[in-house]
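Here are some notes for a colleague who is meeting this structure for the first time. They are best read with the model open alongside.

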Amino acid sequence: MSKGIIYVMTTAVPGLLKIGKTGSDQYKNRMYFLESNGYQNVTVLKKAFAIEVEDYDGKETLLHEIFEKSRVGDTELFAL
């Protein structure tokens, strides 16, 4: 199992969060990209939480499944 980072980002829309993952070595670049460019036409992304974990692919999938009823379309955005 590979290590990586699971992160949560806030958006300009109150209660709308992005739950994502990235490799540990790409974390800083990924945060910079999302904070600069947004995601799926959602802007003002700011990191709220990040943790390095084993099996980050599986853990991200689990989080997406847990919050599936709150998912916005086919994105990594959740209205919570």
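1. In this predicted model, the buried residues of helix α1 are Y27, M31 and L34. They cover an arc of only 70 degrees around the axis, and therefore they sit on the same side of α1. The face of α1 turned away from that buried side carries the exposed residues K28, N29, Y32 and N37.

2. What lies over the buried residues of α1? The cover includes the strands β1, β2 and β3. The helix itself lies across β1, β2 and β3, and it runs at about 20 degrees to β1. Helix α2, which spans residues 56–66, also packs on the sheet, where it touches β1, β2, β3 and β4, and its direction makes about 165 degrees with that of β2. Just after α1 comes G38, a residue whose phi is positive, near 80 degrees.

3. The sheet on which these helices rest is open and has 4 strands, in the order β3-β1-β2-β4, with antiparallel pairing. Its edge strands are β3 (46–54) and β4, each of which pairs on one side only. From one strand to the next, the twist averages 25 degrees.

4. Strand β1, residues 3–10, pairs with β2 in the antiparallel sense over 7 bridges, and within that pairing the bridge partner of I5 is T22. The two strands form a hairpin with 5 residues between them, and in the turn G15 has a positive phi of about 85 degrees. On its other pairing, β2 meets strand β4 (residues 77–79), again in the antiparallel sense, over 3 bridges; here L16 has A79 as its bridge partner.

5. Strand β2 deserves a separate look. The strand covers residues 16–23 and is mostly covered, since 6 of its 8 residues are buried.

6. Among the residues of β2 is K18; is this lysine buried or exposed? K18 is buried, because its relative accessible area is 0%, where the cut-off for that word is under 20%. Its side chain makes a polar contact with the side chain of E76 at 2.5 Å, and a polar contact of 3.0 Å joins the side chains of K18 and Y7. Leaving out residues up to four places away in sequence, K18 touches Y7, V8, M9, R30, L34, Y39, L45, E76 and L77.

7. Opposite K18 stands M9. Once neighbours within four places in sequence are set aside, the contacts of M9 are L16, L17, K18, M31, L34, E35, L45, K46, K47 and A48.

8. Which residues make up the largest nonpolar core? That core has 11 residues, namely I5, Y7, M9, L16, Y27, M31, L34, Y39, V42, L45 and L77. The elements that give two or more residues to this core are β1 and α1 (27–37). As a general background to this point, nonpolar side chains in soluble globular proteins tend to be buried together. The buried residues of α1, which are Y27, M31 and L34, are listed in this core, as is M9, and Y7, which joins K18 through a polar contact between side chains, is listed there too.

Notes
Residues numbered from 1 in each chain as written. Heavy atoms only, no water. Buried < 20%, exposed > 50% of the residue type's maximum accessible area, 1.4 Å probe, protein only. Pairing = 2+ DSSP bridges. Core = buried A, V, L, I, M, F, W, Y, C linked by side-chain atoms within 4.5 Å. Contact = heavy atoms within 4.5 Å. Axes fitted to C-alpha atoms, helices over the stretch in contact; angles between N-to-C directions. Arc of directions from axis to C-beta. Polar contact = N/O pair within 3.5 Å; in protein donor to acceptor, adjacent residues only side chain to side chain.
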